[in-house]
Amino acid sequence: MSKEFNVPPVVFPAGGNPGPAAVAQRRLPTAPFQPPRPANPSIPFMSFDVGSAAAATSFPTPQFGGNTIGIGSNFDDEPPLLEELGINTKQIWNKTVSILNPFRVNPNLHEDADLSGPFLFLMSFGLFQLLAGKIHFGIILGWVIVAALFLYVVFNMLAGRNGNLDLYRCLSLIGYCMLPLVILSAFSLFVPQGGLVIFGMAAVFVLWSTRVCTRLLVELASCGDEHRGLITYACFLIYMLFSLLVIF
């Protein structure tokens, strides 16, 4: 059974089918949009002429002279970066050399306290312990802070109102006097653990650190000579605890 669909009739314009001329007239492409030329030809970016724009926009090359910049272009007068950060490498080296000789310690070098050298020694001590298979970075930093607080409180209680030892200097002195124990930690990598050799070396290096720290505290702090014995005992306890990290 077929269905019939109603198709609307096709109506052509008058005159029959469109001829070729009408088709060509309809398909004639239009010219692209071109902006109008400016009245003032000195503005190159409105004329869309690359050659003339490049010629018109040629600026003179800037000249950088010695005094043309007001900010200051001479970097030779600038201080080194470490000096700007407050890290005096020469001073740290001189303090380190003074610690290496326990019988000729120069207290004048340690009047200007700093924490750059102590931080370097503590990190070295922890690094040597890490090479030995012991992770003690947190313990080392914690013990140094507790030891500085202990020494600060004990000394100022003994000196009374005349005590001039501040906590910052305590941290600096304890950190610098850790150098012998850093050397002990390095030697312990080549010495059997738990033997008489390591105990004997630990005793020598603990006495070394104790002597140097006591000498510096007595010379730099007021009323230090009156309490030399107690200061020596406190320093001995501090460095003996650090030596136990190396031995065990």
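Which helices each supply at least two residues of the lining of the largest cavity? In this predicted model, that role falls to helix H6 (137-159) and helix H10 (228-247). H6 provides the largest share of the lining, namely four residues.

The cavity count, taken at 30 Å³ or more, comes to one. The largest cavity holds about 30 Å³ of space. Its lining consists of Leu 151, Val 154, Phe 155, Leu 158, Leu 230, Ile 231 and Ala 234. By class, this lining comprises seven nonpolar residues, with no polar and no charged residues.

The open space of the model was examined in the same manner. About 160 Å³ of space lies in the largest pocket. Three helices, helix H5 (116-131), H6 and helix H7 (167-176), each contribute at least two residues to the lining of this pocket. The lining residues of the largest pocket are Leu 115, Pro 118, Phe 119, Leu 122, Leu 141, Val 144, Ile 145, Leu 171 and Gly 175. Eight of these residues are classed as nonpolar and one as polar, while no charged residue is present in the pocket lining. The polar entry is Gly 175, because Gly is counted among the polar residues.

Helix H6 thus appears in both descriptions: it supplies at least two residues to the lining of the largest cavity, and it likewise supplies at least two residues to the lining of the largest pocket. Charged residues are absent from the lining of the cavity and from that of the pocket.

Methods. Residues numbered from 1 in each chain as written. Predicted model: local features only at pLDDT ≥ 70, side-chain atom pairs only at ≥ 80, totals over all residues. Heavy atoms only, no water. 1 Å grid on protein atoms, 1.4 Å probe; cavity = no way out; pocket = protein on both sides within 12 Å on 5 of 7 lines; lining within 4 Å. Points joined across faces, edges and corners; volume = space filled by probe spheres on them.
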